[in-house]
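Subject: Structure for you to look at

Hello,

Here is the structure I said I would pass on, with the sequence alongside. My notes on the ligand site and the salt bridges follow below.

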Amino acid sequence: MKEQIFQQVPPGGPWPDLKRDRPPPGAEFELIPPNYFAPLDLAQVFGRTAPLEVDLGCGDGAFIAQLAARFPERDFLGIDKLGGRVLRGCRKAARLGIRNARFVRIESSYAVQHLLPAGSAAVVHLLFPDPWPKRKHKRRRVVQPAFLESVHRVLAPEGRFRIATDQEKYFATIRELIRPEMFAELTPPPGESFPVTAFEKHFVAEGAPIYRLELRKIS
Ligand SMILES: C[S@@+](CC[C@H](N)C(=O)[O-])C[C@H]1O[C@@H](n2cnc3c(N)ncnc32)[C@H](O)[C@@H]1O
């Protein structure tokens, strides 16, 4: 029986049309760090030096890809722990024909602690992070004191940290964790608008309130 199954599989694999020897579309937008234990060489990654914006937990990558298309003079890095989402971001970037975005599959806390150089980011976005609402799961939330210290470290002087969530309690906890000697709260400049993320669309459609915070690095 086992032999029969193997015999049905054509030589070269069961999917003869699949061009498995070719990288998937958009693969050139995926950043695979050459060394996971050293800070990234961003000038080498982007082939230039430009203000950097980082999206932690970038999901399908639409937000970062649209911003990259809008601001070709800046560089953009989308970070997500799921490979499928990173791939979707890469495909979006390829479709938009942009050159100033990369996507990396990695855990956000690790990225801000180890991969992003100190003072390298003009803006860090954290939009609709996984809420982990159950009490016993709170330790899984990305926003923890050490994470905030790392975000502070990677921000350039006067750099901004943008947070949005639909979770009132998580938002309150984040506010409590913000150390006033590290971050000042900002009122976003009038007229500043950002692309709407996939999760934001979903929450807005549900009529859920959205809680936002914009911080400026102060020391
Ligand atoms: C609720 S979704 C929000 C996605 C996107 N920011 C948006 O607003 O549409 C959270 C995203 O963060 C990613 N994520 C959750 N925890 C993460 C972590 N610790 N490190 C990296 N990515 C994470 C998930 O894979 C998911 O894509």
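A polar contact here is a pair of N or O atoms within 3.5 Å. Please keep in mind that this is a predicted model.

Arg85 meets that cut-off with its side chain: one of its polar atoms lies 2.7 Å from an oxygen atom of the ligand. The protein covers 92% of the 590 Å² of accessible area that the ligand has on its own.

Two backbone contacts involve nitrogen on the ligand side. A polar backbone atom of Gly57 is 2.8 Å from a ligand nitrogen, and for a polar backbone atom of Lys81 the distance to a nitrogen atom of the ligand is 3.1 Å.

As to the surroundings, the ligand sits in the largest pocket. There are 15 residues around the ligand, and those that come nearest are Asp80, Arg85, Glu107, Leu127 and Thr197. By type, the shell consists of six nonpolar, four polar and five charged residues.

On salt bridges, the structure holds ten. One of them pairs Glu214 with Arg160, with 2.5 Å between the closest N and O atoms. Glu214 belongs to strand E7 (residues 211-217) and Arg160 to strand E5 (residues 155-165), so this pair ties together parts that are 54 residues apart in sequence.

If you open the model, I would start at the ligand with the Arg85 side chain, then go to the Glu214 and Arg160 salt bridge.

Regards

Methods:
Residues numbered from 1 in each chain as written. Predicted model: local features only at pLDDT ≥ 70, side-chain atom pairs only at ≥ 80, totals over all residues. Heavy atoms only, no water. Near = heavy atom within 4 Å. Polar contact = N/O pair within 3.5 Å; in protein donor to acceptor, adjacent residues only side chain to side chain. Areas by Shrake-Rupley, 256 points an atom, 1.4 Å probe, with all protein chains shown as cover. 1 Å grid on protein atoms, 1.4 Å probe; cavity = no way out; pocket = protein on both sides within 12 Å on 5 of 7 lines; lining within 4 Å. Sits in = over half its atoms within 2 Å of the grid points. Nonpolar A, V, L, I, M, F, W, Y, C, P; charged D, E, K, R; others polar. Salt bridge = Lys/Arg side-chain N within 4 Å of Asp/Glu carboxyl O. Helix = DSSP H or I, 4+ residues; strand = E, 2+ residues; numbered from the N terminus.
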